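The following exercises concern the interface between two chains and the arrangement of strands in a sheet. Please study the sequence and the structure before reading each solution.

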Amino acid sequence: MTRIQKITDFGASLLFLAAAVVYFSVWYGFHTINLEQLQLFEGTWAYFAETVAIPGGFADYLGRFLTQFCYYAWSGALIIAVLLVLIRILVWKLCTRKDTLIGAMTFVPTILLAMVMCYRFPTLSLLTAFALTLTAALAVNCIADTKPRRIVALALIPVLYLLLGSLVILFAAVTAVKERNKVFAITTLVLAVACPLVAYPLLPYPLGRLLYGLHYYKVHIHMPVWPWVAALAAVAVVAFAEARIPSRQLRVWPAAYAAIFLLAVPAILLCSSRIDEQSLKYNILTGKRAWNRIVTEATRRAPRTYGETASLNLALCKTGHMGGHMFDYLQDGPETLLPNENTPYQEGLSTAEIFYQLGMVNNARRNCFEALNAIPDYQKSAPVFKLLAETSIVNEKYELARKYLTALSHTLFYKKWANERLAKYEDLMELMIMEEYAMKHLERYKGEDYIFDYNASDVSLRQLLAEYPGNITALNYLLAWSLLNKDIGAFMSDCPFEGFTEVVPKAYQEAFLINWDLFGGSPEDLPQFINPRIVSRKEAFTRDFETNVPMNKMMERYGDTYWFYYYFK
Amino acid sequence: MKKRTFLYFPLLLAVLACTGNPDSFEQAGRQPDIYPDYIGVTVPATIAPLDFDIEGAAKVIAIAEGPDGQTVKASGKSANFPVKAWHSLLAASKGGTVKVTACGKIDGKWKMFEPFEIYVSEDAIDYGIAYRLIAPGYQSFSHIGIYERDLSSFDETCLIGGRNFDGCVNCHAFNRTRPEDISLHVRGTKGATFIRKNGETVAYDMRTDSTLSGCVYPYWHPNGRFIAYSTNLSRQGFHQRPDKVLEVYDLKSDLQVYDTQENVLITSPEVKVDGVNENMPVFSADGRSIYFTSCTEQEIPRNVTEVRYNLCRVDFNPETGDIGHKIDTVIFAEAMGKSVSFPKPSYDGRWLMYQLADYGCFGAWHHESDLWLLDLQTGETRPLDGVNSDDAESAHSWSSNSRWFVFGSRRDDGLYTRAYICHIDADGVCAKPFMLPQKSPRDFYDNSVRSYNVPEFVSGKTDFDGNAAVRLYNSDERTKVGFRWSDSSL
């Protein structure tokens with residue numbers, strides 16, 4: 001390769017690295033963070049021993065270790081990008097013939113792996129296993145003498161299977177290609193394929209999963225085919241580079257890279273889901289209690305599902321804007337306030353958070369467990385454990401809280417938080433007065449027992465208020481519940497119009513005016529807390545409504561009002 | 001006690017010297033606060049080492065000494081005794097006492113504690129226990145499996161579930177601990193009842209037009225031909241008070257017996273009464289009676305706290321499978337304001353153990369749920385005071401010689417059920433139960449987020465081919481069962 005070609009190749013790697021960092025941190029950042037949310041990496045010997053005990057365990061351990069850093073989207077994205085580029089470099093290093101075409105082709109396995117990383121449940125373990133497999137192949141290739149090299153390669157196969165999993169087949173195939181010996185090739189491939197077959201009767205896993213690799217994707221069914229297409233592509237590139245084809249120094253060398261990159265963009269976009277990204281965004285931000293950020297994000301892109309709107313409503317409530325602004329966003333029945341049992345379990349954390357903030361601690365715990373059960377590879381989840389610890393503290397289940405806090409104390413990013421609480425564990429009173437636990441302890445429901453009925457959530461909310469009238473979240477939710485159910489009578493009887501120290505929230509005034517109209521009240525007798533501008537707008541709304549102005553026009557003019565929800569939803 | 005400490009002092013000092021540990025420590029003047037609480041428990045001679053941790057201790061040194069002076073030592077973060085030496089010690093200590101002296105490094109200082117005793121029973125225990133491991137979850141589930149644990153070691157084997165398929169397995173039952181005969185249920189779209197008998201596993205579709213639903217709560221007849229089941233329309237609800245969690249309740253339930261020979265479900269009008277829920281049937285030790293729980297149907301969930309099950313009995317003909325007509329109320333729990341669940345007669349025919357809670361059919365989620373013992377000779381019944389805790393005790397089962405029982409208890413942390421084993425002598429006197437031993441138990445149980453559900457003794461390895469069962473589950477191969485009414489002439 002000429003110097004310019006080398007620079008171009010280096011530049012292509014750099015460009016890919018930068019693009020991947022930007023993509024996985026900015027465009028797809030919540031997918032990256034979600035990787036971390038679905039595990040609880042403990043820096044303990046027991047965790048290490050448990051993880052490495054099964055084929056591929058070492059690569060999985062390494063992958064999980066790196067996944068911790070997905071706590072921040074930028075660091076997670078950087079790790080993903082570096083691993084992807086590293087894999088590309090390793091394939092390149094394994095290529096005997098190095099020209100621009102080969103250089104461009106070495107990006108293919110990397111792009112295929114990047115596609116997998118855009119799915120909902122990928123693992124970094126796939127990338128670590130891939131990179132380590134290629135490193136092993138490269139290391140073996142460095143042994144100069146043929147016989148020792150082949151002996152080492154054969155001896156390494158079972159070891160690599162135990163450490164890295166079934167991608168050992170990639171190692172065998174690459175080594176076989178490099179050796180150019182049919183007997184050796186057949187032996188290595190048979191040995192590599194035999195590893196999962198031998199493990200099958202010894203391990204409680206179906207053969208399909210052992211062959212695919214236990215940790216290369218979190219979900220056990222409908223696994224993407226791309227990891228193995230990437231492995232095949234890597235072998236094909238190395239084989240192509242190995243073939244004794246006269247090297248043609250293509251004059252169109254930048255075109256080869258450009259073509260690969262141009263194909264990569266739609267392929268990666270095809271595997272990506274903006275819908276999932278938005279859903280994860282709301283779930284994760286709710287778990288992190290980033291209320292202002294949720295409101296900002298909702299202003300940029302409106303929530304789309306019940307779960308997302310429920311997260312937004314909680315954020316509005318926690319920032320004091322529920323009554324004022326909830327109808328600025330599309331509401332669709334009480335499910336947009338309190339998710340019901342049909343909510344996807346993946347959104348369990350945000351659902352749990354809603355119940356926790358209300359003081360319905362049992363419901364919060366229940367949804368925490370549903371969220372844990374929704375993790376496809378049965379790992380624990382640090383944010384869910386965090387909420388379980390908090391609910392245990394609020395419920396005075398200190399032994400249980402200790403269990404979750406101890407697990408969190410073994411992690412990198414939750415250690416400080418957990419240790420602060422464990423330090424106060426000896427003095428439970430001190431623990432209880434921490435942060436908001438004292439308030440949550442007051443707000444939680446502890447009255448007469450009853451079985452929760454979603455359709456009678458208003459009863460539960462009223463009981464929470466009866467227990468502790470200072471539970472503002474419960475009051476807001478009770479009023480919103482009535483509004484979303486169009487139960488103006490209940491709203492009127494629950495709303496403390498005279499109790500607002502500042503202005504009565506807009507939606508409440510709008511609901512008041514509906515009630516006022518229903519009972520034929522005169523505008524002159526309207527109470528002081530009703531803003532005249534809202535009255536004028538209501539009059540305009542009534543005029544338009546009675547003259548059958550089309551719904552889209554009505555939405556344009558009054559989409560942010562409770563009246564529109566009341567009459568058109 | 002001080003004298004005993006003095007006696008152990010030189011021995012412990014020798015160990016400390018050998019382990020390169022301290023040459024000075026202070027007397028704690030009390031027994032150690034150990035986890036699990038093995039102080040004063042009674043164990044079988046073949047049990048796995050009772051490894052323990054001392055609360056707050058970074059390091060532990062312990063010596064267990066038998067009546068003949070044989071000792072076993074353990075040191076490290078936990079007191080993990082070597083398995084072989086432990087078994088040798090216990091074998092030599094049958095009918096006697098093992099004394100354990102422990103030393104813990106707490107806040108940088110070594111403390112020596114007063115010794116405690118472990119009683120080694122002469123009564124043998126079965127090979128192992130089988131249980132379901134399940135994470136708390138109410139609608140979704142994951143990582144559920146039925147496992148077998150060798151009680152003499154820490155070896156655990158997954159029989160079905162776990163990581164090899166995503167179904168929900170439940171209701172496992174063996175015939176009087178015999179590992180050959182198994183009934184278990186797999187829920188899901190391809191749900192089936194698996195019965196292994198004479199080495200062959202068959203997947204059944206137990207639903208018929210004449211019965212409510214599938215088969216639940218199995219119990220084998222001693223002759224191995226019949227299996228008693230209830231059939232339930234179950235629901236669950238979620239309590240709102242923080243001291244309560246979940247309520248499992250039945251809208252309806254009936255009693256039925258499956259005849260493995262004739263492939264029919266048998267029931268009678270007396271145990272399939274409208275307005276009455278019959279539940280959790282079990283055969284008596286002689287196989288001539290069925291004990292079951294029964295309650296008047298209530299409006300659910302409104303009156304869930306009014307659901308109270310009594311313990312009843314009905315005749316059973318082990319030759320024909322017919323069910324009698326006369327229902328006897330054995331324990332009128334309703335009058336006590338209580339509710340009976342999970343009756344289990346001992347295999348020697350002397351006792352019947354059951355759960356008693358304030359209401360409901362599923363005491364496992366009731367903190368007040370306790371184990372009670374009914375003397376089938378005298379009719380006297382009493383709570384197992386030394387066995388019960390402040391939290392839920394549930395799902396007990398007897399060893400084949402009826403000298404041990406295993407049960408689940410949430411006493412550890414109020415949520416995750418752990419398996420406890422308890423000795424009971426011929427007069428029904430129970431010893432202090434002990435938690436299923438684990439290596440480095442604090443770490444093990446802290447790390448475990450699954451409950452030990454329905455532990456059952458097995459007298460040998462079950463050798464259940466989970467992968468074959470999963471293949472059977474995934475196939476559409478289901479054996480339909482017939483239905484007949486019980487002969488009215490019984």
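**Exercise 1.** Determine how many residue pairs are in polar contact across the interface of chain A and chain B, and describe the side of chain A that touches chain B.

*Solution.* The model is a predicted one. Step 1: between chain A and chain B, 20 residue pairs are found in polar contact, both residues being at pLDDT 80 or more. Step 2: helix H20 (361-373) and helix H22 (398-409) of chain A each contribute at least two residues to the side of chain A that touches chain B. The largest share of that side, seven residues, belongs to H20(A). Step 3: by residue class, the side of chain A comprises 15 nonpolar, seven polar and 17 charged residues.

**Exercise 2.** How many salt bridges does the rule find across the interface of chain A and chain B?

*Solution.* Step 1: a pair qualifies if a side-chain nitrogen of Lys or Arg lies within 4 Å of a carboxyl oxygen of Asp or Glu. Step 2: in the pair A:Glu399 and B:Arg442, the closest N and O atoms are 3.5 Å apart, and the two residues form a salt bridge. Step 3: the rule finds two salt bridges across this interface.

**Exercise 3.** Identify the edge strands of the open sheet of five strands in chain B.

*Solution.* Step 1: the strand order is S17-S18-S19-S20-S35 (chain B), and the pairing is mixed. Step 2: strand S17 (216-220) and strand S35 (482-485) of chain B each pair on one side only, and are the edge strands. Step 3: S17(B) pairs with strand S18 (residues 226-238) of chain B in the antiparallel sense, over three bridges. There, B:Trp220 stands opposite B:Ile227 in S18(B).

Notes. Residues are numbered from 1 along each chain as its sequence is written. Chains are lettered from A and ligands numbered from 1 in the order in which they are written. This is a predicted model: local features need pLDDT of at least 70, side-chain atom pairs count only at pLDDT 80 or more; totals for chains, interfaces and linings use all residues. Side-chain values use heavy atoms; hydrogens and water are left out. A polar contact is a pair of N or O atoms within 3.5 Å; within protein, one must be able to donate a hydrogen and the other to accept it, and residues adjacent in sequence count only if both atoms are side-chain atoms. Helices (H or I, at least four residues) and strands (E, at least two) are DSSP runs, numbered from the N terminus. Ala, Val, Leu, Ile, Met, Phe, Trp, Tyr, Cys and Pro count as nonpolar, Asp, Glu, Lys and Arg as charged, and the others, Gly among them, as polar. Two strands pair if DSSP finds at least two bridges between them.
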